[in-house]
Amino acid sequence: MQLGTALGIATASVVFFNHAPAGSHDSTVTHAFAGSVWYVIAALAAMWALLFRLPGPARTAT
């Protein structure tokens, strides 16, 4: 879980700082945030879709 969190934050940060160069303020930061949120939403949607591919509980023979 910690690895996933670290990779998610790193990926969102890369996208954010590619849209907002150092020293930018106001609307540039807002646009960078809006641009990076779509990547986070897409990743969450992909994880949600993959959730249904997980195997069910193990069945034991009785």
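## Pocket lining and helices of a predicted model

Of the residues that line the largest pocket, 7 are nonpolar, 3 are polar and none is charged. In this division Ala, Val, Leu, Ile, Met, Phe, Trp, Tyr, Cys and Pro count as nonpolar, Asp, Glu, Lys and Arg as charged, and the others, Gly among them, as polar. The structure is a predicted model, in which local features need pLDDT of at least 70 and side-chain atom pairs count only at pLDDT 80 or more, while totals for chains, interfaces and linings use all residues. Residues are numbered from 1 along each chain as its sequence is written, and side-chain values use heavy atoms, with hydrogens and water left out.

The largest pocket holds about 220 Å³ of space. Its lining consists of Gly4, Gly8, Ile9, Thr11, Ala12, Tyr39, Val40, Ala43, Leu44 and Met47. Two or more of the lining residues come from each of the elements α1 and α2. A pocket is here an open set of points on a 1 Å grid over the protein atoms alone, where a 1.4 Å probe fits and protein lies on both sides within 12 Å along at least five of seven lines; lining residues have an atom within 4 Å of a point. Grid points are joined across faces, edges and corners, and the volume is the space filled by probe spheres set on the points.

Helix α2 covers residues 27-51, and its 25 residues reach 36 Å from the first C-alpha to the last, close to the 36 Å expected at 1.5 Å a residue. The expected span is 1.5 Å times one less than the number of residues. Helices are DSSP runs (H or I, at least four residues), numbered from the N terminus. The buried residues of α2 are Ala32, Gly35 and Ser36; buried means under 20% relative accessible area, exposed over 50%, and partly exposed in between, with a 1.4 Å probe and protein chains only. What covers these buried residues includes α1 (2-19), where contact means heavy atoms within 4.5 Å.

Several residues of the two helices can be related to partners elsewhere in the chain. Val40 and Ala43 both belong to the pocket lining, and each lies in α2. Phe17 and Ser13 are found in α1. The table lists their accessibility and one C-alpha to C-alpha distance for each.

| Residue | Relative accessibility | Partner and sequence separation | C-alpha distance |
|---|---|---|---|
| Val40 | 37%, partly exposed | Gly8, 32 residues | 7.8 Å |
| Ala43 | 37%, partly exposed | Asn18, 25 residues | 18 Å |
| Ser13 | 28%, partly exposed | Gly35, 22 residues | 11 Å |
| Phe17 | 54%, exposed | His31, 14 residues | 11 Å |

Gly8, the partner of Val40 in the table, is also among the residues that line the pocket. Gly35, the partner of Ser13, is one of the buried residues of α2.

A search of the whole structure finds 1 aromatic pair. Trp48 and Phe52 form this pair in an edge-to-face arrangement, with 5.2 Å centre to centre and 90° between the planes. Rings of Phe, Tyr and Trp (its six-membered ring) pair if their centres lie within 6.5 Å; planes under 30 degrees apart count as stacked, over 60 as edge-to-face and the rest as tilted. Trp48 counts as exposed because its relative accessibility is 56%, and Phe52 counts as exposed at 59%.
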